[in-house]
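Here are my notes after going through the model you sent. They run from the overall picture down to single residues.

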Amino acid sequence: KLKCKIIVLESVVDKEEVIEQNIRYIKRNAPDYEGRDDKEAMADFHKRREMYMNVYEPVDESDGSHIKIINNQTFVVHNTGGYLPQKVVHFVMNLHSHPRVFYLSRHGQSEYNLLGKIGGDAGLTDAGLEYARRLAVFANDVVGKQVVKDEETGEEKKVPCPARLWTSTLRRTKETAQFIKKEVITTQKSDNGEELEWIQFQGRTRRNLDELYAGVCDGLTYAEIAEKFPEEFQRRQEDKLTYRYPRGESYMDVTLRLETIVLDIERTREPILIVGHQGIHRLLYAYFMGLPRDQAPFVSIPLNTVIELTPHAYGCDEKRYVLLSKEELLKDGQDEPVTSMPMKEKAESTQKKASGEGKTYDFDPMNPPSF
């Protein structure tokens, strides 16, 4: 016997419109139907469903703890108690089958980024403000728009769609979002079609999105940390995931406070633009892309880039938009402090520089020292 609690999860869909919607969605993403004709794929899926129905036995009380989801609207929870089971129930009740997309953007280049310092609450540089202006255009033209097809002419056009904006409480993310327009649009509720007014990109400031706190190392460069706290610097190089700054946080600590953020992303149907920080976005990206958590601290989340993520039943699609290139960002070369890369990568980087390969920077200017 398994030495753990078992919860059976059953999803029942008997509404034809929901069935057709699910089939179309599965057809677009399922590996089984890649490259196959739409009609052929739909017919095959209907046939599979009929075969499942012939042998399927519905969940009942004899199966013990279970959660039954009916048409993604009604939830039946039976004999499910305890801390973790209740968290599972809460998570499941926040899920939906509607297609959704969200966008991750770091703040624009800050004064601390330019100096190679971590943490703090610095404002943006001129390059950071330029990125903020371009992000505002991107938000209006991409995040807050959807493509619809005219039923009579077949012509496609972009129309406004409800969109959300989240930032951390820190100055650099607020300044990055300052140029995004907050216009009022008219939209319809998805459940009953009722019209309502929506404030586009009405900002929501969330402390859970604040950058990993570096404790006594806040405001220092990595070179200064290595000099003042050599043992701490070495410990972090050896295990970046679980290392906790003195009086600060670790990536594992931040994972816990991002739980509510993940739940909100899962339940939200509108596109979300999240203006945050490198450490935060690394963890969100790793979660939705299904990466092992020990890889999360090394995910590339460059400055001046928007990452579009579209979760679906078989994974998560990714698209990246570079809004400000390296050539536009760098006005002159600066010898920045060493990054907090793993020792092996650091050694390889040093060898390349010694042999004359690569640039003269000790870091990627689009991805400067951070957490």
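1. A contact here means heavy atoms within 4.5 Å. On that basis, among contacts in the protein with a separation of 6 or more, 66% are between residues 24 or more positions apart. Do keep in mind that this is a predicted model.

2. Some overall numbers next. The protein has 371 residues, and buried ones make up 44% of them. Its secondary structure comes to 13 helices and 13 strands. The accessible surface is about 21,000 Å², and carbon and sulfur atoms account for 50% of that.

3. Start with the sheet of three strands. It is open, has mixed pairing and follows the order E1-E2-E3. Strand E1 (8-12) and strand E3 (74-78) each have a single partner strand, so they stand at the edges and one side of each is left without a neighbour in the sheet. On average, neighbouring strands here are turned by 10 degrees against each other, direction ignored.

4. Staying with that sheet, E1 and strand E2 (residues 66-70) run parallel and are joined by five bridges. If you want a spot to look at, Val 12 stands opposite Ile 70 in E2. Helix H3 (residues 83-92) packs on this sheet and touches E1, E2 and E3, with its direction at about 10 degrees to that of E2.

5. Now the sheet of six strands, also open and with mixed pairing: the order is E10-E7-E11-E4-E12-E13. Which strands stand at the edges? They are strand E10 (203-205) and strand E13 (315-322); each has a single partner strand, so one side of each is left without a neighbour in the sheet. The twist from one strand to the next averages 20 degrees.

6. At the E10 end, strand E7 (residues 164-167) runs parallel to E10, and three bridges join the two. Trp 166 stands opposite Arg 204 in E10. Two helices that pack on this sheet are worth a look. H5 touches E4, strand E11 (272-276), strand E12 (305-312) and E13, and its direction makes about 175 degrees with that of E4. Helix H10 (residues 259-267) touches E4, E7, E10 and E11, its direction making about 170 degrees with that of E7.

7. Trp 166 comes up again for its ring: the charged end of Arg 206 sits over it, 4.7 Å from the ring centre.

8. On aromatics, a search of the whole structure finds five pairs. Why is the pair of Tyr 103 and Phe 138 edge-to-face? The ring centres are 5.9 Å apart and the planes stand at 80 degrees, and planes over 60 degrees apart count as edge-to-face. This pair links distant parts of the chain, with Tyr 103 in strand E4 (residues 102-106) and Phe 138 in helix H5 (residues 126-143), 35 residues apart. Both Tyr 103 and Phe 138 are buried. Elsewhere in the list of aromatics, Phe 102, Tyr 287 and Phe 288 form one cluster.

9. Last, a single residue: Ala 223, whose place is in helix H7 (residues 222-228). Is Ala 223 buried, partly exposed or exposed? With a relative accessible area of 40%, Ala 223 is partly exposed, since that label covers values between 20% and 50%. Ala 223 and Gly 116 are 107 residues apart in sequence, while their C-alpha atoms are 9.1 Å apart in space.

Definitions and conventions: Residues are numbered from 1 along each chain as its sequence is written. This is a predicted model: local features need pLDDT of at least 70, side-chain atom pairs count only at pLDDT 80 or more; totals for chains, interfaces and linings use all residues. Side-chain values use heavy atoms; hydrogens and water are left out. Rings of Phe, Tyr and Trp (its six-membered ring) pair if their centres lie within 6.5 Å; planes under 30 degrees apart count as stacked, over 60 as edge-to-face and the rest as tilted. Helices (H or I, at least four residues) and strands (E, at least two) are DSSP runs, numbered from the N terminus. Buried means under 20% relative accessible area, exposed over 50%, partly exposed in between (1.4 Å probe, protein chains only). A charge sits over a ring if NZ of Lys or CZ of Arg is within 6 Å of the ring centre and within 35 degrees of the ring normal. Two strands pair if DSSP finds at least two bridges between them. Axes are lines fitted to C-alpha atoms, for helices over the stretch in contact, and angles run from 0 to 180 degrees between N-to-C directions. Accessible areas come from the Shrake-Rupley method with a 1.4 Å probe; for residues, only the protein chains shown count as cover.
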